[in-house]
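Here is a short round of questions on why certain labels apply. Each answer sets a value against its cut-off.

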Amino acid sequence: MDAILEVKDLTKHYDGFTLDHVSFTVPGGCIMGLIGENGAGKSTTIKAVLDLIHRDEGSVTFWGQELAAAPDRKEDIGVVFDGINFYETLTPVQVGNILRAAYRRWDDRLYKSYLERFSLPAHKEIRGMSKGMKAKLCIAAALSHRPKFLILDEATSGLDPVMRDDMLDVFLEFVQDEEHSILMSSHITTDLEKVADYITLLHQGRMLFCKTKDELRYHYGVVRCGAATFGQMDSADVLAWRKEAYQWDVLVPDKEKARRLYKNAVVDDATIDDILLLYVKGERSK
Amino acid sequence: MKSLVLKDLYNIGHNAKSMLFILVVLAVGLVPTSGAGGYMIMCAVLCSMMTVTTFTFDDMAGWTPYALVMPVTRREIVLAKYLVLAVFCTVGDLFGLAAGGVCGFVMGEYTVGPQAFAELAVLALAGWAVAFAMGSVAIPLVYRFGAERARVLLLVAFLIPAALCAAVYGLLWAAGVPVSEGMLTVLLCASPLLALVWGAAMYRVACGIFARAEC
C-alpha cells in the first residue's frame, strides 16, 4: 500500500533536547498512534512533520512530496492541535466562514452535520464552551474540508469517555476509505488500543519502536516473577524490566515462549500502558 | 488569504464599540486643541494600531500554527496582516475625516466650500499615510519581538518614518530647495504612495523574519 506520510531520520536539536533520527511510515487506510511520556518528542515530531519548525536533518513527504514543494497538499491534510486555535469570541458559524474561504473543498453541509452530531450550538461563542466542546469543534473543522490525512495532537484529551468513544467511531469511519489515514498522538493509550493499527513509541526524543498493534497485542507479554525466575531469563528474550515491591515485571516480545519456559511465573498480555511504563521507567536490555 | 483577513475582522469586531467610544471622546478633546487635521491623523493611527491587537488575539488563541497548516504560504500570512492594516487605516481615516470635518465646520475651523473640502481631503491622505507607515513598521516588530514587546517598540515605529521625513526636509533645506505650500500639498497628496513603498519594504522585512520563525 502506498505511503501517505513518510518520515525519514527526522532530527531537531534544541538546548537540552534532541529529536533524534525518527523514522516511520503511515500507509493508507490506517491509524498510527504516537505515544511517549511528556517531553518525549511527540509534539515536536508533529510540528516538524507539518513544517512548523525547521528540521535539522531528515525528510518528510506526504504522498511522496515535501509540503514546502507542494503547498496545495495542505488541502488534503486536516490538523487538530491540543486546544482550540480560534479566538474565544468567534462562533462555530464564523469559524466555518473563515475556513470556507481557506479550503477549496470546504463542505458547509458536512460541517453543519458535524455541529449537529456533536451537539455544538452554531452561534455560541467559543469562550462559553467547555473543553470538550472546543475539542469537538476543532475535529468538526478538521473533517469538513474533506482531508485525506488527519493529524491529531492530543485531540481527544479534553473529552469525557463517552464522547471519546464517539470520536473514535468518527475516526474509524474516516479510515474506512483506504486513501485516508490518521496520525494520532495521545496520552490515553486505551484509545489507541481501540483504534490504532500501528504504534510508534518515542522516549527522550528517540523512537524505540514502530510496530503493528497486533504484534504488540498478540506477541508482547509481561512476565511477573520472583528474583529466581528473573535470574534465569535469557536477556535475548527480555525487552525491559522493572523491580516492583514484591516482584519483577519483565516485558518480553514472545509471551507464548515465556509461558512455556517460565511455568512458575504469571505471563500477562501486555497493554500499551504496560509497554510504555516498562520502556520508560524500567531498565532495558542492551 | 481572504480567510486570514476575515478572521482578523471577526476578532477585532468585538473591540469596535470601545474603539468608536474612544474616537468620539477624542473628537471632543482633540478637535478644539489640535484641529480637525490632528484628530484625523490620530484616528487613523489609533485604528492602525489595532493590527497589533490582532497579533495579541492570534497569540492567545495559538492561531499562527493553525494558519500554517492551512493552504496558505507564510508570505500570504504576512500580506494578510498588511491588508488588514490598510483596512484599519482606511476605516480610521474615513471616520476621522467625517467626525473631524463635521466638528471643524461646527467649531468654525473651516467654512463650507471647495477649499475646505480639498484641505480636509489632503489631510486625510496624509493621515492614512502616517498610520500605514507606522503600522508597516509595527508588523515586523511584532514578528520579531512578539505583540506585547512590540507595543513598547511602537515608539520606534513612529520615530523611524518621522526621522526619515525630517531627514528629507533637512536635505531639501540644505540643498536650498524651499518647501512651498504647493510643494507641501503635492508631497501630502503623494504621501500614501510613499507609505505604500515604505510598506512594501517593511513587508519584505516581515517576510524575512517570519520565514525563520518557529511555531
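Q: What makes Tyr103(A) count as buried or exposed?

A: This is a predicted model, where local features need pLDDT of at least 70, side-chain atom pairs count only at pLDDT 80 or more, and totals for chains, interfaces and linings use all residues. Residues are numbered from 1 along each chain as written, chains are lettered from A and ligands numbered from 1 in written order, and side-chain values use heavy atoms, without hydrogens or water. Buried means under 20% relative accessible area, exposed over 50%, partly exposed in between (1.4 Å probe, protein chains only). Tyr103(A) has 4% relative accessibility, so it counts as buried.

Q: Where is Tyr103(A), and which residues is Tyr103(A) in contact with, leaving aside neighbours within four places in sequence?

A: Tyr103(A) is in the loop between H2 and H3 of chain A. Helices (H or I, at least four residues) and strands (E, at least two) are DSSP runs, numbered from the N terminus. Contact means heavy atoms within 4.5 Å. Beyond those neighbours, the partners of Tyr103(A) are Lys74(A), Glu75(A), His145(A), Val69(B), Met70(B) and Pro71(B).

Q: Why are H2(A) and H1(B) called roughly parallel or roughly antiparallel?

A: Angles under 35 degrees count as roughly parallel, over 145 as roughly antiparallel, 65 to 115 as roughly perpendicular and the rest as oblique. Axes are lines fitted to C-alpha atoms, for helices over the stretch in contact, and angles run from 0 to 180 degrees between N-to-C directions. The axes of H2 (residues 92-102) of chain A and H1 (residues 2-13) of chain B cross at roughly 160° and come within 7 Å. The pair is therefore roughly antiparallel.

Q: How do you know that the length of H5(A) agrees with its number of residues?

A: The expected span is 1.5 Å times one less than the number of residues. H5 (residues 161-174) of chain A has 14 residues, so it should span 20 Å; its end C-alpha atoms are 20 Å apart, which agrees.

Q: What puts the buried residues of H5(A) on the same side?

A: The buried residues are Met163(A), Arg164(A), Met167(A), Leu168(A), Val170(A), Phe171(A) and Phe174(A). They cover an arc of only 155° around the axis, so they lie on the same side of H5(A). The arc is that of the directions from the helix axis to the C-beta atoms. The face turned away from the buried side carries the exposed Pro161(A) and Val162(A).

Q: Why is Ser119(A) called buried or exposed?

A: Ser119(A) has a relative accessible area of 56%, so Ser119(A) is exposed. Ser119(A) sits in the loop between H3 and H4 of chain A.
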